[in-house]
Amino acid sequence: MADTSDTRTPAQIEADIKRRREVLAETLDEIGVRVHPQTIIGDAKAKVVANIDHTVGRAYVQVNRAVSEVRAQFVDEEGGLRVARVVPVALLALGVVGLLAVGRRRRRR
């Protein structure tokens with residue numbers, strides 16, 4: 001059987017009870033803040049923003065990598081243009097723009 005004798009004075013017991021009530025009051029206040037609808041909405045918004053930031057960061061890395069790979073195709077290690085690759089792409093771009101311009105003129109008539 002457990003020993004139920006208490007050697008504390010009534011003043012010590014009252015102080016312990018007071019301390020325990022203060023701790024419980026703080027805990028209840030914290031729970032009240034955590035379950036408040038505005039707190040829940042704020043936490044949800046923060047999670048969404050964090051996920052968006054993460055997704056945007058990953059997209060930025062992917063785009064940056066793609067641009068670097070494309071740039072590597074048209075620029076040599078010293079920073080000069082690779083004319084043998086730039087000229088055909090420029091001619092192709094001009095051809096596409098020309099076809100689009102001719103197509104627009106035919107639609108207007």
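Is Glu-30 buried, partly exposed or exposed? Glu-30 has a relative accessibility of 42%, so it counts as partly exposed. Keep that residue in mind, as it turns up again in one of the views below. A word of caution before we look around: this is a predicted model.

**View 1. The whole chain is built from helices.** The chain has 3 helices and 0 strands, and starting from the N terminus its elements run α-α-α. Its radius of gyration is 36 Å, well over the 13 Å that the globule rule gives for 109 residues, so the chain is more spread out than a compact globule. Along the principal axes, the C-alpha trace spans about 100 × 45 × 25 Å. Just 1% of the 109 residues count as buried. About 10,400 Å² of the chain is exposed, with carbon and sulfur atoms supplying 61% of that area.

**View 2. Here is how confident the predictor is.** Averaged over the chain, pLDDT comes to 89, and 94% of the residues score at least 70. Confidence is highest in α1, at a mean of 95, and lowest in α3, at 88.

**View 3. Glu-30 and Arg-34 pair up within helix α1.** Back to the residue we started with: the side chain of Glu-30 meets that of Arg-34 in a salt bridge, at 2.6 Å from N to O. Both sit in helix α1, which covers residues 10-34, and they are 4 residues apart, or about one turn of the helix. Glu-30 is partly exposed, while Arg-34 is exposed, with a relative accessible area of 57%. Side chains of opposite charge can pair when their charged atoms come close.

**View 4. Arg-8, Asp-16 and Arg-19 form a salt-bridge network.** These three residues, Arg-8, Asp-16 and Arg-19, are linked by salt bridges. Zoom in on Asp-16 and Arg-8, and you find their side chains meeting at 2.2 Å, N to O. Asp-16 is partly exposed, at a relative accessible area of 27%. Arg-8 is partly exposed too, at 35%. If you're keeping a tally, a search of the whole structure finds 4 salt bridges.

**View 5. Glu-77 meets Arg-82.** The side chains of Glu-77 and Arg-82 make a salt bridge too, with 3.7 Å from N to O. Glu-77 counts as exposed because its relative accessibility is 74%. Its partner Arg-82 has a relative accessible area of 24%, so Arg-82 is partly exposed.

**View 6. Five residues make a nonpolar surface patch.** Leu-81, Val-83, Val-87, Leu-91 and Leu-94 make up this patch, which is about 520 Å². Let's pick out Leu-81. Leu-81 lies in the loop between α2 (37-74) and α3 (83-108). With a relative accessibility of 60%, Leu-81 counts as exposed.

**View 7. Two lysines, one in α1 and one in α2, are worth a stop**. Lys-18 lies in helix α1 and is exposed, with a relative accessible area of 56%. Between the C-alpha atoms of Lys-18 and Asp-6 there are 18 Å, and the two residues are 12 apart along the chain. Lys-45 belongs to helix α2, and its relative accessibility of 55% means that Lys-45 counts as exposed. How far apart are the C-alpha atoms of Lys-45 and Gly-79? They are separated by 45 Å, with the residues 34 apart along the chain.

Definitions and conventions: Residues numbered from 1 in each chain as written. Predicted model: local features only at pLDDT ≥ 70, side-chain atom pairs only at ≥ 80, totals over all residues. Heavy atoms only, no water. Patch = residues over 30% accessible without salt bridge, like charges linked within 9 Å, V, L, I, M, F, W, Y side chains within 5 Å. Areas by Shrake-Rupley, 256 points an atom, 1.4 Å probe, with all protein chains shown as cover. Buried < 20%, exposed > 50% of the residue type's maximum accessible area, 1.4 Å probe, protein only. pLDDT = per-residue confidence, 0-100. Rg over C-alpha atoms; globule rule 2.2 N^0.38 Å.
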